[in-house]
Amino acid sequence: LASRGRARTSWPASYPPTCRGSARNLGVRSGKSVGSAMRSHSAIFNLAATICGGGVLSLPYAIGQLGFVAGPLALAAVAVVTDASLQLLITAARRMHGLSYEDLAVKTYGKAGEVVTVLLLFVLLLPSTVAYLVLIADLEVPLLEYLFNDSHALGPATRPLAMAITLAAMSPFCFQDSLHALRFTSFISFSSTLLLAGAVLVRAAQCAGGWGDPPEQCGAGPGEGDSLYPESARDVLLAIPVFATAFLCHFNVLPVHNEIHDADRIRSVIHWTMGIVLALYLLVGLGGFYVGRERTCGNVLLNFPADDGAMALGRAGLVVTLSMSLPLLAVPCRNTMLRLFDLVNCDWARGRRRRRSSVGIATEETPLVAAPGPPTGGA
């Protein structure tokens, strides 16, 4: 990005003007300076809300695969690597004056790189958005059963109806122009995750101290049947992908950078985001594994009965988290889809101009042959 003034981008001279991404499709607010649009704490909540999602439910299982010692160490290592990769992405964007993933791709690899990047982003974001809707519905149905205290009171249409209501309620936020407009939903999303963490920690403390009404599934203490390190390469291959995807926020870091515009601030934002999310993940992961131990499920909520009041509160918090995080996936997904349409229309327009040009050149190079005249007399 430019060192001062409003954000700018440069395109190759050979790149047709009609095929260059608009500010809307790049996720940048057009006609405004974005140098100080977003405060640091708003940026931290935006990235943290992007990171925290359904992946938090699988952290106890992944830590259990690696052990009580190697699991937290591996999770911290993935957080450090993610932090470094985000810093590299920001450095590349500033040096190449790029505003988005596809902007960097076209300047680095040309037109083919841009098409592949946009397509991969769309393939990543669209299924993730749909998966969020499905997971929200899966969480809402047990929550409604707990509230009504009757699993048979809800009909088969409850799940799709809950999904439709969630989509309708969050649709206005999915049509925002920038991540700055989602700063309040991001704060609510991340704060609601603390309800799940608190519920898991309460149950883990009950297992450790034996006070209150400990869950029936409490296992033995650490070291009494639980490994401290992974037992095979299979355990590592099962856990590391869960950790890696749990910190995924790269598709939103450049839009956040465009609205902060200061190199030191964005680096500090990334460091704080990774640190806060890592602390939250360690609490949920270790607490959930402490309760389930060798019986820890891939979804930690399955280790608790449906009538568990504390975990019902945790489910409600996760529903709010996922619902408020949905626009953070939908906005970049929408922008990527629009950019993909632009690329398709651009290729079609270029091909049409090329065909017209070739027809015009062929017409100019064709010699004009005079029609034969009538025979002259006396020939």
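Biologist: Where does Arg-293 lie, in a helix or in a loop?
Modeller: We are looking at a predicted model, numbered from 1 along each chain as its sequence is written; local features need pLDDT of at least 70, side-chain atom pairs count only at pLDDT 80 or more, and totals for chains, interfaces and linings use all residues. Side-chain values use heavy atoms, leaving out hydrogens and water. Helices are DSSP runs of H or I with at least four residues (strands: E, at least two), numbered from the N terminus. Between α10 and α11 (309–365), Arg-293 lies in the loop.

Biologist: Is Arg-293 buried or exposed?
Modeller: Buried means under 20% relative accessible area, exposed over 50% and partly exposed in between, with a 1.4 Å probe and protein chains only. Because its relative accessibility is 2%, Arg-293 counts as buried.

Biologist: What phi does Arg-293 have?
Modeller: Most residues other than glycine have a negative phi. Arg-293 is not a glycine, yet its phi is positive, at about 55°.

Biologist: Which residue in the loop between α3 and α4 (101–109) has a positive phi near 55°?
Modeller: The residue in question is other than glycine. With 36% relative accessibility, it counts as partly exposed. In that loop between α3 and α4 we find His-97.

Biologist: How far is Lys-107 from His-97?
Modeller: Lys-107 is found in helix α4, and it counts as partly exposed because its relative accessibility is 21%. Lys-107 and His-97 are ten residues apart along the chain, and their C-alpha atoms are separated by 9.5 Å.

Biologist: How many residues of helix α9 (residues 250–260) are buried?
Modeller: Helix α9 is mostly covered. Its buried residues include His-250, Phe-251 and Asn-258, and Asn-258 counts as buried because its relative accessibility is 1%. For the helix, the count is eleven of eleven.

Biologist: How far apart in space are Asn-258 and Gly-98?
Modeller: Asn-258 lies in helix α9. Along the sequence, 160 residues separate Asn-258 from Gly-98. Their distance in space, C-alpha to C-alpha, is 9.3 Å.

Biologist: Which residue just after α9 takes a positive phi?
Modeller: The value of this phi is about 75°. The residue that takes it, just after α9, is His-261.

Biologist: How are helix α3 (residues 70–95) and helix α10 (residues 263–292) arranged, roughly parallel or antiparallel?
Modeller: Axes are lines fitted to C-alpha atoms, for helices over the stretch in contact, and angles run from 0 to 180 degrees between N-to-C directions. Helices α3 and α10 pack at about 160°, with their axes 10 Å apart. Angles under 35 degrees count as roughly parallel, over 145 as roughly antiparallel, 65 to 115 as roughly perpendicular and the rest as oblique. α3 and α10 are therefore roughly antiparallel.

Biologist: How far apart are the end C-alpha atoms of helix α6 (residues 158–174)?
Modeller: The expected span is 1.5 Å times one less than the number of residues. For the 17 residues of α6 this should give 24 Å, and the model agrees, because the end C-alpha atoms are apart by 24 Å.

Biologist: Which cysteine sulfur is nearest to that of Cys-174?
Modeller: A disulfide is a pair of cysteine sulfur atoms within 2.5 Å, and by this rule the count comes to zero. Cys-174 is in no disulfide, and the nearest cysteine sulfur is 9.7 Å away, that of Cys-333.
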